[in-house]
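Please open the structure in your viewer and keep the residue selector at hand. The tour below moves from one selection to the next and says what can be found at each stop.

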Amino acid sequence: MTSAASPAPLWQPDADRVAAARVTRFQAWAADRYGAPADGGYAALHRWSVAETETFWTAVADWFDVRFATPYARVLGSRAMPGAEWFPGATLNYAEHALRTAEDPARAGEPALLHVDESRQPVPVSWAELRHQVGSLAAELRALGVRPGDRVSGYLPNIPQAVVAFLASAAVGAVWTSCAPDFGARSVLDRFQQIEPVVLFAVDGYRYGGKEHDRTATVAELRAELPTLRAVVHVPLLGTPAPDGALDWSALTSAHTEPVFEQVPFAHPLWVLYSSGTTGLPKAIVQSQGGILLEHFKQIGLHCDLGPGDRFFWYTSTGWMMWNFLVSGLLTGTTIVLYDGSPGHPDTGAQWAVAERTGATFFGTSAAYVMACRKADVHPARDHDLSALACVATTGSPLPPDGFRWLHDEVADDLWIASVSGGTDVCTCFAGAVPTLPVHIGELQAACLGTDLQAWDPRGEPVVDEVGELVVTNPMPSMPVAFWNDPDGARYHDSYFDMYPGVWRHGDWITLTDRGSVVIHGRSDSTLNRQGVRMGSADIYEAVERLPEIRESLVIGLEEPDGGYWMPLFVHLADGAVLDDTLRARITSTIRRELSPRHVPDTVIEVPAVPHTLTGKRIEVPVKRLLQGTELSKAVNPGSVDNLELLHFYESLARERREGRA
């Protein structure tokens, strides 16, 4: 309930919009069928969804007509976190639900996918064609010996072939994983070698920023370093012939074959996503067919308010969880937009041009992109027809207040602005879009249904209108079923449940307001998060410290008050080395080649040494706090540092930046 002192909202849905929203219809239906509150609006529905968790998720499955091939015994066999057991006994298939719109003769010819790149107009793929390609490829995968539980990998950009390969893998019960082709070989191998894929789908290259980028040498390296591969499928994006020993994409997808869907247990792995790898190899996060199916039905169908007739565009790559989320738009019969290209080519307004060309009704992007448009004096509504656009959503980092104002002023004054926050770990949002609630500047609208989101102080006490740790106190279906190669679950436990046993701690600072809205203050740990993509400092250290001139390095990412992001790299040089322009260029070119352009730091700064904990770990979080202006005495426990004097350098740098001298 809004208090008397609450500021006026930037946007308020009118009565017709509230009445038409799918979440409104769901609430009325759930009140009649499952005892949900008929009155009290979204706040009452949310309270019910977390108080009556099992009933709520039963209602979600019923509302979205989830096809259980084998019925479930109960909703939650165990509520423990980690280890919650969802819908024990049930079997189903994610891909069957993603493709069932093709079963409707009235819609089979409509576009399921719209593919756009930097140079061409949208190319549609109909529901019927998508279903036939998936059926053909699934049959070929089975012929290659791919069985439920086998891993299938993609080194692919955001193109229709990636969607087909993923859905075919899911249809046979295989476990999908993907990386974008701007990832260097080492970054890909750090991920794929963990899960030992049996099939690799790979492009010969990709187009980005008006240029073609050949990846044949990288693919050859991947083939050589992945001994478990039984087959490599060549996707000729640049038109090259398949290399020796590789299968051709068109040969595997040309048959018009009805797909056969393997009915797998609810908890059967659907895909593996990867953490940033801050302190070592990226965590290989396993999420389930059933858990993702239910969570994405809820998130896309109720929170994003998407269904037949909508066009869903989110700027993403296949190396980010938002690609997986985007593909799940198919579950609700929504046409999804696949954009393969630079976010800013040929100019900063490129993503708005894509939204116009595709008639997007829901457009997702990063907060950093919105702020870049503001700084570049982009005028989306003036320069593009965005009349179909109902919502602009942002994630990756908190959207600053100026970003809200800019979207309102430059896109539409009746625009639903949905700043959302979640994570790769759950492949969904904890808080964000609600089509029936007002939007306040700088705030996420509310916690999502089924998510008991709270802010806790260090004692584990919930706080309101105060900064606290983002925690979730009840299980969610899309929480990982496991980490790969974590047989005793220790790494999974330590990642989320170490601080507050039995409660998910995500690593964000948040404030829950007395109105139920959420303010995100950034990471409470050291994960890098640039342009909406989380990155691991360990990847950067590995690349940089191969250079003989670099003894050790430290990288920090800072969310800035104006919405920018500053990522300096600090280097401790080897004896006799000099940090000149030549070495700086070698450092940045190495990072770009080995990792990706996103990993390249904003600046490289020489330091006398890198500080460590007493156990030898690089100190990242205290340095980040110092650079944000925190006093040294409050940024770190002096007894935990090997050389406290080293931290004075970062304290001085922060002071110089505040004074405009650095």
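What follows is a walk through a predicted model, taking helix contacts, then a cavity, then a ring pair, and lastly some points along the backbone.

**Helices 3 and 4**

Begin by selecting helix 3, residues 41-51, together with helix 4, whose axes come within 5 Å and cross at roughly 110°. With that crossing angle, helix 3 is roughly perpendicular to helix 4. To see the contact itself, show the side chains of W48, S49, V50 and A51 in helix 3, which meet T53, T55, F56 and A59 in helix 4. Sorted by class, the residues of this contact are 5 nonpolar and 3 polar, with no charged residue among them.

**Helices 4 and 11**

Keep helix 4, residues 53-63, on screen and add helix 11, residues 289-303; here the axes come within 10 Å and cross at roughly 75°. This crossing, too, makes helix 4 roughly perpendicular to helix 11. On the side of helix 4, select F56, W57, V60, A61 and W63, and on the side of helix 11 select L294, E295, K298 and L302, since these are the residues that meet. The contact of helix 4 with helix 11 holds 7 nonpolar and 2 charged residues, and no polar ones. F56 deserves a label of its own, as a residue that meets helix 3 and also meets helix 11.

**The largest cavity**

Which residues line the largest cavity? Select Q299, H303, C304, W314, M322, F325, F362, A393, V420, C429 and A433, and you have its lining. The space inside is about 60 Å³, and this cavity belongs to a set of 4 in the structure with a volume of 30 Å³ or more. Helix 11 and helix 12 (321-327) are the elements that give two or more residues to the lining. By class, that lining consists of 9 nonpolar and 2 polar residues, with no charged residue.

**A stacked ring pair**

Next, select F313 and F363, and turn the view until both rings can be seen edge on. Their centres are 4.9 Å apart and their planes lie at 5°, and because that angle is under 30 degrees, the pair counts as stacked. F313 sits in strand 16 (residues 311-314) and F363 in strand 18 (residues 362-366), so that the pair links distant parts of the chain, 50 residues apart. The structure holds 42 aromatic pairs.

**Along the backbone**

Most residues other than glycine have a negative phi, and most peptide bonds are trans. With this in mind, display the backbone from M81 to P82, where the peptide bond is cis, with omega near -5°; P82 is found in the loop between strand 1 (76-78) and strand 2 (85-86). Move on to H345 and P346, which are joined by a cis peptide bond with omega near 10°, and note that P346 lies in the loop between strand 17 (335-340) and helix 13 (350-358). For the final stop, select D305, a residue other than glycine with a positive phi, near 60°, placed in the loop between helix 11 and strand 16.

Notes
Residues numbered from 1 in each chain as written. Predicted model: local features only at pLDDT ≥ 70, side-chain atom pairs only at ≥ 80, totals over all residues. Heavy atoms only, no water. Axes fitted to C-alpha atoms, helices over the stretch in contact; angles between N-to-C directions. Helix = DSSP H or I, 4+ residues; strand = E, 2+ residues; numbered from the N terminus. Parallel < 35°, antiparallel > 145°, perpendicular 65-115°, else oblique. Contact = heavy atoms within 4.5 Å. Nonpolar A, V, L, I, M, F, W, Y, C, P; charged D, E, K, R; others polar. 1 Å grid on protein atoms, 1.4 Å probe; cavity = no way out; pocket = protein on both sides within 12 Å on 5 of 7 lines; lining within 4 Å. Points joined across faces, edges and corners; volume = space filled by probe spheres on them. Phe/Tyr/Trp six-rings, centres within 6.5 Å; stacked < 30°, edge-to-face > 60°.
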